[in-house]
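User: I am new to protein structures and would like to learn how to read empty space and helix packing in a model. Could you take me through these features one at a time?

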Amino acid sequence: MRAHPRGLSEVKVVLAPDSFKEAMTAAEAAAAMARGVRAVVPDAEIVEVPMSDGGEGFTDAVAAALGAQVRGVDTIDALGRPVTGRLAMSGGTAVFEMASAAGLELVPRHARDVLNSDTRGVGRMIRTVLDAGADHLLLGVGGSATNDGGAGMLAELGVRFLDHEGRVIGTTPRALGALAAVDDSGLDPRLDGLRIEVACDVDNPLVGEHGASAVFGPQKGAGSQDVDYLDAMLSRWADVSGHAELAEVPGAGAAGGLGFALIAFLGARLEPGVDLVSRTVGLAEAVCGADLVLTGEGSVDAQTLAGKTPAGVAEVAKRHGVPTVVVAGRVRSDAEVLLTTGCVALVSNSQGETVSLTDMLCAAPGNTERAAATVMRLWTHQSGPAGPAGSAGPA
């Protein structure tokens with residue numbers, strides 16, 4: 001790690017983690033890191049910048065930057081059951097993550113059924129945004145339980161899906177097997193005045209071996225035959241939609257193909273979620289003049305390079321000449337590729353004991369605090385005597 005040339009009381013540390021799935025929100029992770037930093041360098045200037053790449057925590061991270069309050073709105077989950085979505089408004093700008101309506105975590109593992117799930121709940125939340133008079137929507141599209149190509153969302157906004165007899169059909173993947181035509185003449189005209197920016201944490205196309213069904217279907221409970229059916233259904237949907245050329249756009253396969261529907265019918269602009277969030281929360285400004293950046297999330301591996309928060313934060317810090325340390329619950333061996341992005345170290349917050357997943361999740365805040373303290377001890381050892389040492393335990 002780079003030695004700090006000034007006195008330790010002048011150290012500036014930026015804490016920019018994503019959420020640690022099922023254990024801590026991004027804000028809670030940043031707070032835990034802050035406690036660890038202060039245990040070693042009490043007078044350090046600490047800047048907490050909770051992050052997201054478009055999935056869990058997106059709404060909270062962006063709302064905090066905009067000074068907006070998050071409120072509950074009535075919607076439905078991927079199976080059509082009533083749930084309360086989370087929406088933030090600041091002036092004419094609305095913020096929400098599709099996972100608060102059609103997220104995988106909203107459906108108990110035993111009830112997950114991707115063939116009978118859709119994104120209608122997302123469409124209802126967009127209608128709420130339109131009813132509120134918003135002209136700008138920041139939408140996070142990670143963590144979905146769906147693989148309907150965004151058909152459910154579009155149906156709630158006025159698009160009709162028809163079979164060979166001209167009858168309206170449902171929008172779950174199972175129902176879309178009968179798709180023959182699409183009628184978008186009833187699409188809500190207010191959408192013309194809504195600029196939609198989509199925070200996308202993947203760059204997969206809609207179909208094929210790297211598409212939504214093949215890559216993410218199994219995570220949602222799809223077997224091998226289901227994956228084949230889902231991929232064929234999405235290919236048919238793209239052809240019938242009249243926008244087949246957009247199926248190859250990076251991110252079209254995000255959230256089970258929701259990305260495709262957003263760009264094809266709503267004119268949305270997709271970009272890496274970490275870039276959108278970094279710009280909105282002012283990460284570059286926070287990093288400017290810093291001596292060290294800590295980031296992290298629940299698990300890191302080689303795929304973290306593909307648009308995930310730790311890689312994005314490290315890239316921003318690298319542009320400002322600031323080293324980054326990644327703290328994660330699980331650090332896979334192939335995560336070492338992150339050391340090419342500006343990361344100088346990868347630190348697991350696991351204590352090494354064999355414990356249950358429940359216990360590990362409960363211990364995450366304390367373990368993250370101790371890991372951050374260990375990072376600071378190693379860093380300050382190169383910089384000169386640290387403040388009071390205290391026992392932080394192993395990282």
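Analyst: Let us begin with a term: a pocket is an open set of grid points with protein on both sides within 12 Å along at least five of seven lines. The model shown here is predicted, and its second largest pocket holds about 240 Å³ of space. Among the 16 residues that line this pocket, Asp275, Ser278, Gly312, Val316 and Arg319 are the closest to its centre.

User: Which element gives the largest share of the lining of the second largest pocket?

Analyst: That is α11, which contributes 5 residues, while the elements that each give two or more residues are α9, α10 and α11. By class, the lining divides into 6 nonpolar, 4 polar and 6 charged residues.

User: How is enclosed space found, and how many cavities of 30 Å³ or more are there in the whole structure?

Analyst: Rolling a probe the size of a water molecule over the atoms shows where empty space is left. Here the search finds 1 cavity of that size, with a volume of about 40 Å³, and its lining includes Arg112, Asp113 and Lys220.

User: How should I read the packing of α2 and α9?

Analyst: Two packed helices are described by the angle between their axes and the distance between the axes. Helix α2 (residues 58–66) and helix α9 (residues 273–281) pack at about 25°, with their axes 9 Å apart; because angles under 35 degrees count as roughly parallel, α2 and α9 are roughly parallel to each other. In their contact, Phe58, Ala61, Val62, Ala65 and Leu66 of α2 meet Leu276, Val277, Thr280 and Val281 of α9, which by class gives 8 nonpolar, 1 polar and no charged residues.

Technical notes: Residues numbered from 1 in each chain as written. Predicted model: local features only at pLDDT ≥ 70, side-chain atom pairs only at ≥ 80, totals over all residues. Heavy atoms only, no water. Axes fitted to C-alpha atoms, helices over the stretch in contact; angles between N-to-C directions. Helix = DSSP H or I, 4+ residues; strand = E, 2+ residues; numbered from the N terminus. Parallel < 35°, antiparallel > 145°, perpendicular 65-115°, else oblique. Contact = heavy atoms within 4.5 Å. Nonpolar A, V, L, I, M, F, W, Y, C, P; charged D, E, K, R; others polar. 1 Å grid on protein atoms, 1.4 Å probe; cavity = no way out; pocket = protein on both sides within 12 Å on 5 of 7 lines; lining within 4 Å. Points joined across faces, edges and corners; volume = space filled by probe spheres on them.
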